[in-house]
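Colleague: I would like to learn how to read a few features of a protein model, one at a time. Could you take me through them slowly?

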Amino acid sequence: MRFTDTPELASWRGVVRAFVAENWKPGGPHDELAMHGPNAAAYEEITDKTQNWLDKLAANSWIAPAWPKKYGGADMSVLEQFVLNQELHEAGAPTSRPMMNLVGPTVMLHGTDDQKAEHLPPLLRGEVRWCQGFSEPGSGSDLASLQTRAVRDGDDYVINGQKIWTSGAHRAQWMFMMARTDPSAPKHRGISYLLVPMTAPGITVRPLMNMADGHSFNEVFFEDVRVPVRNRIGEENRGWYVGATTLDFERSNISRAIHSRKSVAKLARFTRDRAAARHPVSAAHRMEIVDRAIETAVVEQLSFVIVSMQAAGGVPNKEASMCKMFGSELAQRIALTEMHVTGMSGQLRESTLMQSHGLNPTMAYLSVIPQTIAAGSSEIQRNIIATRGLGLPRG
């Protein structure tokens with residue numbers, strides 16, 4: 001595992017940094033927490049800034065760095081992608097359009113020529129927003145148990161059922177979803193992968209507000225929704241395997257490591273400033289910050305391990321689970337440390353003292369709770385580490 005860039009990567013890093021310095025203006029409305037808050041005007045301002053930036057990335061073919069060039073990507077190597085993502089996250093700049101690296105590779109690898117022509121160009125340009133219709137009540141970790149039905153009726157499927165925790169469904173024009181088309185088949189073999197316009201009659205979107213008063217999640221209801229068979233991706237009843245599609249793009253989770261490091265750095269600056277103002281933070285809480293800094297270095301090293309394996313042609317498995325589990329649990333520990341260090345003033349949602357240091361402990365604390373559930377719960381990650389990493393028997 002290399003800890004320094006090769007001359008070629010160092011040159012590439014310089015190109016990326018120069019591009020970011022010229023085109024990305026830090027500060028202003030691009031806060032992730034505000035993206036899902038109740039202020040519609042703030043959301044639109046953030047969206048406009050993000051869209052302008054992503055358009056510049058797309059013009060450079062950096063919006064989908066792993067995609068083949070014929071589909072509008074840059075066909076970058078794993079290490080080139082890693083450097084690009086590392087520099088963008090260091091600058092606090094967005095890296096991709098929502099859902100692009102989920103639905104894009106699926107259409108690219110399994111879609112017809114007509115489907116590729118219809119969906120890939122507007123996806124790259126950010127003209128269409130997508131949401132993912134996978135999870136259902138009772139079908140989260142065991143997704144193959146989903147019960148939403150799609151019954152063939154001539155040239156259409158008729159969909160009935162419900163999806164839940166659907167991020168961005170209230171702003172999406174399309175959904176990529178899995179539905180059961182053969183209820184008599186084994187659970188993994190009776191599912192089809194469908195592209196559904198959110199304007200289709202019979203679709204109802206209902207918001208699910210989180211504890212931070214944010215609106216990113218929704219539940220979506222389908223009542224006799226008709227979708228053309230031509231909107232199916234891949235073969236009928238083979239949607240589980242289509243849905244498992246991934247493209248070989250860098251997923252070292254370096255973004256989480258960088259975000260954690262920045263959060264700890266803000267907390268350290270707050271502590272130093274409080275000491276200078278003769279309001280020192282207790283020794284116990286300062287030691288908490290030290291622990292979080294060490295753990296942040298650990299998750300960065302786990303990210304380097306993963307990208308090094310990918311660059312050598314390996315497929316991280318237990319390593320990716322270790323990085324995801326440790327990183328998401330670390331985010332929760334950092335938020336808890338922020339609450340400890342900032343004390344009573346940190347419990348205010350709007351505090352001049354906190355804002356002057358770039359901190360919002362209350363919102364951070366509430367927002368990180370789902371991190372050990374989303375994208376594979378910590379329990380699932382521990383099972384993977386135990387069985388595939390340590391060779392322990394299944395329970």
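Modeller: We shall go through aromatic pairs, one helix and a few single residues. This is a predicted model, so local features need pLDDT of at least 70 and side-chain atom pairs count only at pLDDT 80 or more, while totals for chains, interfaces and linings use all residues. Residues are numbered from 1 along each chain as its sequence is written, and side-chain values use heavy atoms, with hydrogens and water left out.

Colleague: How is a pair of aromatic rings described, and how many aromatic pairs are there by this rule?

Modeller: A pair of aromatic rings is described by the distance of the centres and the angle of the planes. Rings of Phe, Tyr and Trp (for Trp, its six-membered ring) pair if their centres lie within 6.5 Å, and planes under 30 degrees apart count as stacked, over 60 as edge-to-face and the rest as tilted. By this rule the count is eleven aromatic pairs. One of them joins W12 and W62, which are edge-to-face, with 5.2 Å from centre to centre and 80 degrees between the planes.

Colleague: Where in the chain do W12 and W62 lie?

Modeller: Helices (DSSP runs of H or I, at least four residues) and strands (runs of E, at least two) are numbered from the N terminus. W12 belongs to helix α1 (residues 7-23), whereas W62 is in the loop between α3 (40-59) and α4 (78-91), so that the pair links distant parts of the chain, 50 residues apart. W12 and W62 also form one aromatic cluster with F19, W24 and W53.

Colleague: Are W12 and W62 buried or exposed?

Modeller: Buried means under 20% relative accessible area, exposed over 50% and partly exposed in between (1.4 Å probe, protein chains only). Both W12 and W62 are buried.

Colleague: Which residues of α1 are buried?

Modeller: In α1, the buried residues are L9, W12, R13, V16, F19, V20 and N23. Seen down the axis of α1, they fall within an arc of 125 degrees (taken from the directions from the helix axis to the C-beta atoms), so they line one face of the helix. On the other side of α1, P7, R17, A21 and E22 are exposed.

Colleague: What should I note about N237?

Modeller: N237 has a positive phi of about 70 degrees although it is not a glycine. N237 lies in the loop between β8 (232-233) and α7 (239-243), and it counts as buried because its relative accessible area is 17%.
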